[in-house]
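Grab a pencil and have a look at the model below. The exercises that follow each come with a worked solution, so try them before reading on.

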Amino acid sequence: MVDEIDVRYLKKIREKATTEVSGPYKPGALLDHPKTITRRSLFWVSWLAFWGLVSMWSFAVVRYLVPRVSYEPSSLFKAGKPADYAMGSVTLIGARKVWIVREEKGIYALIAVCTHLSCQPLWLEQEQIFKCPCHGGQFYKNGVNFAGPPPRPLDRALVTLADDGRLLVDKSQIVGLESILPV
Ligand code: FES
């Protein structure tokens, strides 16, 4: 009985082996293993990894070659001639966020950024003050704060005369309240 079972079992295995071998090659089929990594899949994985590395490397090279330039307007600029500003006027140069103030004593430049939380104050011609729309901070014409939360006066930028007679404003140089360009 036992021999009979063994013989039948052996026959079955032999039949299976013959069928599998005679068909197209299937990796692991004879051993009943799950499909293992084939050369083709290994090739594609390597190919993708290679191009992944090439892309990362190219990206790094491009980042290195493209200069990291700031496109913000320069802090140094010319603001026309003193005669362009009428006596007593407050003129906003919007692109530079600077007011040019002309008074009897001369000309000075106030930076149009509130010293509380950096909103842009407005010049109120009738009241002759700057008022911040965000939290109501107020400044006199000379930039000194007198109401609301701003902790200090508006910043005053250095103004000089360029060789061509035009005003040269340098926002990177903050000067004191007494700094006025006599013109
Ligand atoms: S930002 Fe101007 S008062 Fe607050």
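**Exercise 1: Around Leu161**

In β10, Leu167 is the bridge partner of Leu161. Keep in mind that you are looking at a predicted model.

Task: find the strand that holds Leu161, then work out which residues Leu161 touches beyond its close sequence neighbours.

Solution. Start with the strand: Leu161 belongs to β9, which covers residues 156-161. Next, go through the contacts, leaving out residues up to four places away in sequence; what remains is Leu167, Leu168 and Leu181. So Leu167 turns up twice, as a bridge partner and as a contact. Finally, try a long jump along the chain: Ala79 is 82 residues from Leu161 in sequence, yet their C-alpha atoms are 9.9 Å apart.

**Exercise 2: Counting neighbours**

Task: decide how Leu161 should be classed, given 15 C-beta neighbours inside 10 Å.

Solution. First recall the cut-offs: 20 or more neighbours makes a residue buried, and 12 or fewer makes it exposed. Now place the count of 15 between them; Leu161 is therefore partly exposed. For the wider picture, buried residues make up 14% of the 183 residues in the protein chain.

**Exercise 3: Building the six-stranded sheet**

Task: put the six strands of the open sheet in order and say which are its edges.

Solution. Take it one pair at a time.

- β1 pairs with β10 (residues 167-175) through three bridges, in the antiparallel sense. Lys78 has Leu168 as its bridge partner in β10.
- β10 and β9 also run antiparallel, joined by six bridges. The hairpin they form has five residues between the strands, and Gly165 there takes a positive phi near 85°.
- β9 pairs with β4 (residues 106-111) over two bridges, antiparallel again. Here Leu110 stands opposite Arg156.

Adding the other strands gives the order β1-β10-β9-β4-β3-β2, with antiparallel pairing. The edges are β1 (76-78) and β2 (90-93), each of which pairs on one side only. Neighbouring strands in this sheet are turned by 30° against each other on average, ignoring direction.

**Exercise 4: The four-stranded sheet**

Task: give the strand order of the sheet with four strands, and name its edge strands.

Solution. This open sheet reads β5-β6-β7-β8, and its pairing is antiparallel. At the edges sit β5 (122-124) and β8 (145-147), each pairing on one side only. The average turn between neighbouring strands is 35° here, direction ignored. For a closer look, pick β7 (residues 138-140): two bridges join it to β8, and the two run antiparallel. One residue to find is Phe139, whose bridge partner in β8 is Asn145.

**Exercise 5: Checking a helix**

Task: test whether the length of α2 agrees with its 27 residues.

Solution. Locate α2 at residues 39-65. At 1.5 Å a residue it should span 39 Å, and its end C-alpha atoms are 39 Å apart, so the two values agree. Then ask how covered the helix is: hardly at all, since the count of buried residues among its 27 residues is zero.

**Exercise 6: The whole chain**

Task: list the elements from the N terminus on.

Solution. Count them up: the protein chain has two helices and 10 strands. Reading from the N terminus, the order is α-α-β-β-β-β-β-β-β-β-β-β. As a last step, look at contacts with a separation of 6 or more: 35% of them join residues 24 or more positions apart.

Technical notes:
Residues are numbered from 1 along each chain as its sequence is written. This is a predicted model: local features need pLDDT of at least 70, side-chain atom pairs count only at pLDDT 80 or more; totals for chains, interfaces and linings use all residues. Two residues are in contact if their C-beta atoms, placed from the backbone, lie within 7 Å. Two strands pair if DSSP finds at least two bridges between them. Axes are lines fitted to C-alpha atoms, for helices over the stretch in contact, and angles run from 0 to 180 degrees between N-to-C directions. The expected span of a helix is 1.5 Å times one less than its number of residues.
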